[in-house]
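Hi,

Here is the structure I said I would pass on. Have a look at it first, and my notes follow underneath.

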Amino acid sequence: MPGFVDENYRVDSAHGRFVLKVVPPDADSDYLEFQVALLDHLASALSPDASVQLPRLIRPVSGDALVSIDDGRGVYRKARLVSFLSGRLMSVAQPHGSGLLYALGQALAQVDEALSRFDHPGAHRFDQWDLKQAPAQREHLHLVQDASLRSIVEKSLNAYADLDSGLLDSLPRSVIHGDANDNNIVVSCADVWPQDVVGLIDFGDAVYTQRIHEVAIAAAYAMLDKADPMSAARAIVRGYASVLPLEADEIHVLFPAIKARLAVSTVIAAQSRRSNPDNAYLQVSADPVERLLVALDEVNVQWAEVLLRDAAGLEPEPKAPALRTTLSDAASVSKPILGYPLSLDNVFVHDLSVTGQPSLPAALTAEEWTSCLERERGAERVGVGRYNEYRLAYTTDTFVAEGVDGPERRTLHLGVDLFAPAGTPVYAPLDGVVHAVADNGMDLNYGPTLILRHELGGTRFYTLYGHLGRGVLTRLSPGDSVTAGDQMADLGDETVNGGWPPHLHFQVISRMFGHDGDFVGVAPASLAAVYGSVCPNPAALLGLPNELVEAPPPTTAHVEARRKQHLPAALSLSYSNSPGGGLHIVRGRGAMLYDVQGRAYLDCVNNVCHIGHAHPAVVDAVSRQMALLNTNTRYLHDNLARYVHELAARLPASLSKVFLVCSGSEANDLALRLARAATGKRGVVVIDHAYHGNLSSLIEISPYKHNGPGGQGPPDHVRSVAMPDVFRGRFGADVAAYVDDALRQIDEMAASTFGLSAFFAESLLSCGGQIELPPGYLAQVHAAVREQGAVVVADEVQVGFGRVGSHFWGFETQDVVPDIVTMGKPIGNGHPLAAVATTEAIADAFSNGMEYFNTFGGNPVSCAAGLAVLDTIERENLQQNAAHVGKVLVDALRDLQARYSVIGDVRGRGLFLGMEFVEDADSKKPAARQASYVVNRMKERGVLLSTDGPDHNVIKIKPPIVFGRAHVDQLVGNLEKVLAEDAAQPSGAL
């Protein structure tokens, strides 16, 4: 086994698995005794509540942990035997998400807490890896060949050497592990998720030093090759501080210490390359260390400290309390920023939050948005866009960054917007000096931007003015003095201000953190506390109350508490067991859903919004009709007549009678009544694992429910046939056997005392696992059903209305015509509209004197929604889109299948698709754990999927049929990343 100093051998025996550590012949005996004492201490001192496991010394009968052994060359060397920790090294485990890094921080703190009560002379030795000794590596700088890298290494070592020695000496000190790199960290096996830190090995670099060095070393290695290194460091700090709180002075030295560790590693690697070029282990991290050191050289040291303070639970910006006081005091001397005082009488607060404007700003041009806002506030008032508001307006890729858990978009507005006509003068609220004037001309950026520096009450801070006219670029220069009340600029229009409606973005900033001509005006939700500390509410300088201009915080915790208080546990919440918990979704558009913080999720499962969330055609039709009338079918109404006519026109001619109801469950319950009325029989045959609705009558005919948890099995009048799953069904790929089984059940039910009223079948099976029925299956079954005088019911709730692409109805793929067709809420795009279509003969048989009435079934508003759906499917060619995009998606999924053996089958049609996960191709053993992992990880990456099938190992894909090529790329690109992670692999594959 690899080792830096010791030779390590794995020992497998009847008594278990161990590691034999053989030390070099010249090993220091004091050091060896220190190692023994350290492990003995940890074995007894580690808290019983600690989750981390550590190697234990295995003593021989003599009791001495150190024994002498012949190395085979006549040299006796000291050795010790330690227990083996089962798991995987973090170096080969993927992904290194925030949860795993947090657990690493906790594990290190648990060890350090135990070591705080331990000392030994051997811990006070000189060690070149001890960060106290980092500056000494400067004498070897000449060995770093690359001049640019050498300069960065030198700067990093100098920065650590320049830290105040008195400050360093005052920090908490103890023995630490000292080398928490990913080859010394054992994590849980691939089939355990979320991954956790199991243990820590190799205490060969343990030393007495500043305790914060433990965090610095762990963070330095955890940051390697991460898209967002600071996120990784923050996760470790959060975990560590949850066990051992960190002081402000410790955080002050942490980032320089991280860079110093990387610099030391770079210099020592350069020495090793010269002295021991054949030892690959010595160079295992050299390249990623160098890349990280170069990347961190671009990170402002003060900004890094702010980020790490937040992770440690401290106020991110230490100046924040004083700045908030200064801003409050400045209200009395501040001059009007638009030249006249703002007040409750002359401002109007625009709600631009995720739940605000009905139209997404991304769907409007700047001119349209300007017109909309002007109408809302009126000509005499200034529009106010709120501080600390989550918005969806920031749509370009510059607002997206990859974090340790997935991509995150910046959505949190950090300033106050003042909407007024282009050309409106802008005045200085306070005396100041021009820090910068710049033209940030990229799309959706600030355009011309002015930043002032202020000194007030002993506090220095900055104010930013964005979206100005171009005149400011020549009017002012850095270093110019500005007096409160002076006109500085005017507002630009959309041609110069980044493409926005005319407005001023006004923001207060505590420090510039190395920025010059701009500073971010929008932050990611994960850094809300950081930016809230750095960029406080500027309302006082505008003469407005803080509460007026600050958006209320998200209500997620309140909503969750109320849900738990009043909703029964039987009503499940998606993703409740995944990291981060359930989703607080507040908005949708097209194939996207948005949470309360503006995070976007690609919706691959909500087929109810058939033509896309909040489709404008449906919204408009429903809104207009709701404003006129909403009543029932006892009155004549054009919407009802038009809708049933349009719907019938898309069905086979024999299905000319239509009942309108409110849900798919109501539709299937009515179909059951129709079948029994037409046949006088009660028995029903269904396909195994089918789900037809949540009414009591439908639970009886839904094996997915009555054979599942809490179910009581089928009643005597219901029989199920084998699900014709040619991939992993009861009869394999033998279609004839499935048909024979169905015919036998049909004949037996027909001969029973109940008789046979109907055969219910989804045209493609959803809860069964997104299964397309074998060709010819329904034709043979239908013939057998009709031979018994019964009727055939096609459940099209999931697959009708063009979803399958090749046909408008799913049953058309089998070249059959049912006697009854049921449809559900997708036909109203989520509005409560559903339908049952049947033959005239069956409808007549149902008309036996008992009136059928559904209060809301067929109401004018629902019919308006239904008409809009039918019209949109045709106008936007959505059936053709489902066929084309579905084919592209299937091809992409099959490409993944060829590279990832856990995908056993890709199936379906159009935008009704499934991926079945298996442990191996031969046994086809269901891989439900892996499928669940993929679904939950995809949620973290902003893609919503779900599992289905009898064994919950099928990932279903049935998005709104506006799903496009870009959505396919987003789905497949993220899926490929997740499929490469450990927990997505077949069990035992790693």
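Among contacts in the chain with a separation of 6 or more, 74% are between residues 24 or more positions apart. Bear in mind that this is a predicted model. The chain has 990 residues, and 55% of them count as buried. Laid along the principal axes, the C-alpha atoms fill a box of roughly 100 × 85 × 50 Å. For secondary structure, you'll find 28 helices and 41 strands.

I spent my time on two sheets and a helix pair.

The first sheet is an open one with 7 strands, mixed in its pairing, and the order reads 28-36-35-34-31-29-30. Its edges are strand 28 (657-661) and strand 30 (718-721); each has a single partner strand, so one side of each is left without a neighbour in the sheet. On average, neighbouring strands here are turned by 20° against each other, if you ignore direction. If you want a pairing to look at inside this sheet, try strand 31 (residues 756-762) with strand 34 (residues 791-795): they are parallel and share 5 bridges. One register to check there is Phe759, whose bridge partner in strand 34 is Val792.

Helix 22 packs on that sheet, where it touches strand 29 (683-687), strand 30 and strand 31. The direction of helix 22 makes about 170° with that of strand 30.

Helix 22 (residues 735-751) also packs against helix 23 (residues 777-787), at an angle of about 20° and with the axes 10 Å apart. Angles under 35 degrees count as roughly parallel, and therefore helix 22 and helix 23 are roughly parallel to each other. Their crossing is right-handed. Which residues meet there? From helix 22 come Tyr738, Val739, Ala742, Leu743 and Ile746, and from helix 23 come Tyr777, Gln780, Val781, Ala784 and Val785. Sorted by class, this contact has 9 nonpolar residues, 1 polar and no charged ones.

The second sheet is open too, with 4 strands in the order 25-26-27-39 and mixed pairing. Strand 25 (585-589) and strand 39 (943-944) are at its edges with a single partner strand each, so one side of each is left without a neighbour in the sheet. Strand 26 (residues 592-595) runs antiparallel to strand 27 (residues 600-603), and 3 bridges join them. Met592 has Leu602 in strand 27 as its bridge partner.

That's what I have so far. Shout if anything is unclear.

Cheers

Key:
Residues are numbered from 1 along each chain as its sequence is written. This is a predicted model: local features need pLDDT of at least 70, side-chain atom pairs count only at pLDDT 80 or more; totals for chains, interfaces and linings use all residues. Side-chain values use heavy atoms; hydrogens and water are left out. Axes are lines fitted to C-alpha atoms, for helices over the stretch in contact, and angles run from 0 to 180 degrees between N-to-C directions. Angles under 35 degrees count as roughly parallel, over 145 as roughly antiparallel, 65 to 115 as roughly perpendicular and the rest as oblique. A crossing is left-handed if the near helix is turned anticlockwise from the far one by less than a right angle, and right-handed if clockwise. Contact means heavy atoms within 4.5 Å. Ala, Val, Leu, Ile, Met, Phe, Trp, Tyr, Cys and Pro count as nonpolar, Asp, Glu, Lys and Arg as charged, and the others, Gly among them, as polar. Two strands pair if DSSP finds at least two bridges between them. Buried means under 20% relative accessible area, exposed over 50%, partly exposed in between (1.4 Å probe, protein chains only).
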